[in-house]
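Here is a short note on this chain, written as numbered points. Please read it with the model open.

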Amino acid sequence: MTVTMGARANEPPAVDVAGRGDPAITFDDFYHAHYRSVTAQLCAYTGDLGQAQDLAQEAFCRALARWEKLLRYDDPVAWVRQVAWNLARSRWRRLRTARDHLLRQRRVEPQVAGPTPDRVAIEDALAALPPNHRRAVVLHYLADLSVAQIARQEEVPEGTVKSWLHRGRAALAALLDENMEGVDHG
């Protein structure tokens with residue numbers, strides 16, 4: 001095994017792995033000698049440094065599990081590089097499949113139109129009413145309950161419900177007139 005010092009003091013030494021079968025080559029030496037170049041190649045391929053680092057790490061982890069066998073290969077770094085590229089392609093296939101699935105799901109969902117300006121104005125006006133007036137108006141006009149039914153539900157006299165409905169309608173009319181000022185009905 002030939003070990004040479006790198007040009008920079010903080011770089012690991014470059015290791016010549018051409019000496020196949022040399023038991024003196026450790027996985028650490030192999031990793032330090034080739035991790036940067038494999039990561040750089042993957043970064044150029046994927047366009048994402050973080051993803052390239054993850055893929056290189058995974059490929060080197062798989063190499064560590066087979067280190068004794070890889071030592072006998074003509075070019076162990078080619079094996080690591082091929083595993084990393086296969087991992088990148090698999091990740092892209094999974095992402096493409098997930099994206100396609102989401103797109104199909106999105107098409108199935110019916111398109112729901114947003115609220116109309118009238119509906120927004122009515123909701124805002126209802127929200128401005130006192131709670132008892134709002135309940136009476138909603139129960140009477142949206143739930144189709146009679147005055148007697150509302151009175152039983154709210155445990156109040158029917159006259160109170162009539163009063164709430166009258167005041168609620170008057171307040172809604174005033175609030176909706178305010179919202180309609182300046183609107184062109186042309």
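**Notes on the predicted model**

1. Start with a loop. Asp 144 sits in the loop between helix 6 and helix 7. The model is predicted, and its local features are taken where pLDDT is at least 70. The phi of Asp 144 is positive, about 55 degrees, although the residue is not a glycine. Is Asp 144 buried or exposed? Asp 144 counts as exposed, because its relative accessibility is 63% and the cut-off for exposed is over 50%.

2. Now the next loop. Glu 155 lies between helix 7 and helix 8, the latter spanning 158-180. Glu 155 comes just after helix 7 and has a positive phi of about 55 degrees. Glu 155 is likewise a residue other than glycine. Its relative accessibility is 70%, so Glu 155 counts as exposed. Both backbone settings can be checked directly in the viewer.

3. Between these two loops runs helix 7, residues 147-154. Which residues of helix 7 are buried? They are Val 147, Ile 150, Ala 151 and Glu 154. Seen down the axis of helix 7, these buried residues fall within an arc of 100 degrees, so they line one face of the helix. Note that Glu 154 is on the buried list, whereas Glu 155 is exposed.

4. Helix 6 covers residues 131-142 and holds His 133. His 140 lies in helix 6 as well. His 133 has a relative accessible area of 11%. That is under 20%, the limit for buried, so His 133 counts as buried. His 140 has a relative accessible area of 23% and is therefore partly exposed.

5. What do these two histidines touch, leaving aside residues up to four places away in sequence? His 133 is in contact with Trp 164, Arg 167 and Gly 168. His 140 touches Leu 145, Ser 146, Val 147, Ile 150 and Leu 165. Two of these partners, Val 147 and Ile 150, are on the buried list of helix 7. His 140 and Leu 165 are 25 residues apart along the chain. Their C-alpha atoms are separated by 8.2 Å.

6. Turn to the nonpolar cores. The largest has 22 residues. Phe 27, Phe 30, Val 38, Leu 42, Phe 60 and Trp 67 have the most contacts inside this core. At least two core residues come from each of helix 1 (27-46), helix 2 (49-65), helix 3 (67-70) and helix 4 (76-108). Another core, of 13 residues, lies apart from the largest one. Its members include Leu 126, Ile 150, Ala 151 and Leu 165. Ile 150 and Leu 165 are also among the contacts of His 140.

7. Phe 27 deserves a look. Residues up to four places away in sequence are not counted here. Phe 27 touches Phe 60, Ala 63, Leu 64 and Trp 67. Phe 60 and Trp 67 are themselves among the residues with the most contacts inside the largest core.

8. Two packed helices are described by the angle between their axes and the distance between the axes. For helix 1 and helix 2, the angle is about 140 degrees and the axes are 8 Å apart. The crossing of these two helices is right-handed. Helix 1 brings residues including Phe 30, Tyr 31, His 34, Tyr 35 and Val 38 to this contact. Helix 2 brings residues including Leu 49, Gln 51, Leu 55, Gln 57 and Phe 60. The contact residues divide into 14 nonpolar, 6 polar and no charged.

9. Ile 25 is placed in the loop between strand 2 (14-16) and helix 1. The relative accessible area of Ile 25 is 3%, so this residue is buried. Ile 25 and Leu 71 are 46 residues apart along the chain. Their C-alpha atoms are separated by 8.3 Å.

10. Last, the overall picture. The protein chain has 8 helices and 2 strands. From the N terminus on, the order is β-β-α-α-α-α-α-α-α-α. Of the 186 residues, 25% are buried. Among contacts with a separation of 6 or more, 49% join residues 24 or more positions apart.

Methods
Residues numbered from 1 in each chain as written. Predicted model: local features only at pLDDT ≥ 70, side-chain atom pairs only at ≥ 80, totals over all residues. Heavy atoms only, no water. Core = buried A, V, L, I, M, F, W, Y, C linked by side-chain atoms within 4.5 Å. Buried < 20%, exposed > 50% of the residue type's maximum accessible area, 1.4 Å probe, protein only. Helix = DSSP H or I, 4+ residues; strand = E, 2+ residues; numbered from the N terminus. Contact = heavy atoms within 4.5 Å. Axes fitted to C-alpha atoms, helices over the stretch in contact; angles between N-to-C directions. Left-handed = near helix turned anticlockwise from the far one by under 90°. Nonpolar A, V, L, I, M, F, W, Y, C, P; charged D, E, K, R; others polar. Arc of directions from axis to C-beta.
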